[in-house]
Amino acid sequence: MLQIIFSEVSAKELAAMPRTLQLELIDGFQLFPHDFEKADEKFGQLTRGGRKIYRYRVKDYRIYFEKQDSIIHVRCILHRNTLKDFFYRTKLPISEDQLLQENPKFWQLIEGDAKK
């Protein structure tokens, strides 16, 4: 089993949710070391400057995290409609992961805790 650590940003996002939803998300976010052997099938992946962020879906939410040895660092938790609405409005012909990977605001959100 892997240890999961929530960043300040992701902890605030989780705390703002109703308790039952918090429990459902945490229960659905169960990762094991062997899950990363076929990470391409299980997770979305974004990379920038050698840094790899994984995206995992639980219910209507996307959990963005990094893996370092046996530790999972959850960076942020976003509701899926936020991105879905964005794609619908802009009708971009590229993948969600590619769009996020190229968006500096996404990386500012991910790196927000590291600057504190």
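A residue is called buried under 20% relative accessible area, exposed over 50%, and partly exposed in between (1.4 Å probe, protein chains only). The model on display is predicted: local features need pLDDT of at least 70 and side-chain atom pairs count only at pLDDT 80 or more, whereas totals for chains, interfaces and linings use all residues. Residues are numbered from 1 along each chain as its sequence is written, and side-chain values use heavy atoms, with hydrogens and water left out.

**The sheet**

Select the strands to begin. Helices (H or I, at least four residues) and strands (E, at least two) are DSSP runs, numbered from the N terminus; two strands pair if DSSP finds at least two bridges between them. The strands form an open sheet of 5 with mixed pairing, in the order 1-5-4-3-2. At its edges lie strand 1 (3–6) and strand 2 (44–48), each of which pairs on one side only. Direction ignored, neighbouring strands are turned by 35° against each other on average. Here axes are lines fitted to C-alpha atoms, for helices over the stretch in contact, and angles run from 0 to 180 degrees between N-to-C directions.

Next, select residues 61–68 and 71–79. These are strand 4 and strand 5, which run antiparallel and are joined by 8 bridges. Within strand 5, Cys-76 is the bridge partner of Tyr-64.

**The loops**

Move to Lys-59, in the loop between strand 3 and strand 4. Lys-59 is not a glycine, yet has a positive phi of about 55°; its relative accessibility is 56%, so it counts as exposed. Then select Asp-69, in the loop between strand 4 and strand 5. Its phi is also positive, near 55°, in a residue other than glycine, and at 71% relative accessibility Asp-69 counts as exposed.

**The helices**

Show helix 2 (residues 19–28), which packs on the sheet and touches strand 3 (51–58), strand 4 and strand 5; contact means heavy atoms within 4.5 Å. Its direction makes about 120° with that of strand 3. Helix 6 (residues 104–111) lies across strand 2, strand 3, strand 4 and strand 5, at about 85° to strand 3.

**The cores**

A nonpolar core is a set of buried Ala, Val, Leu, Ile, Met, Phe, Trp, Tyr and Cys residues joined through side-chain atoms within 4.5 Å. The largest has 18 residues, and those with the most contacts inside it include Leu-25, Phe-65 and Ile-77. Helix 2, strand 3, strand 4 and strand 5 each give two or more residues to this core. Apart from it lies another core, of 8 residues, among them Ile-53, Tyr-64, Phe-106 and Trp-107.
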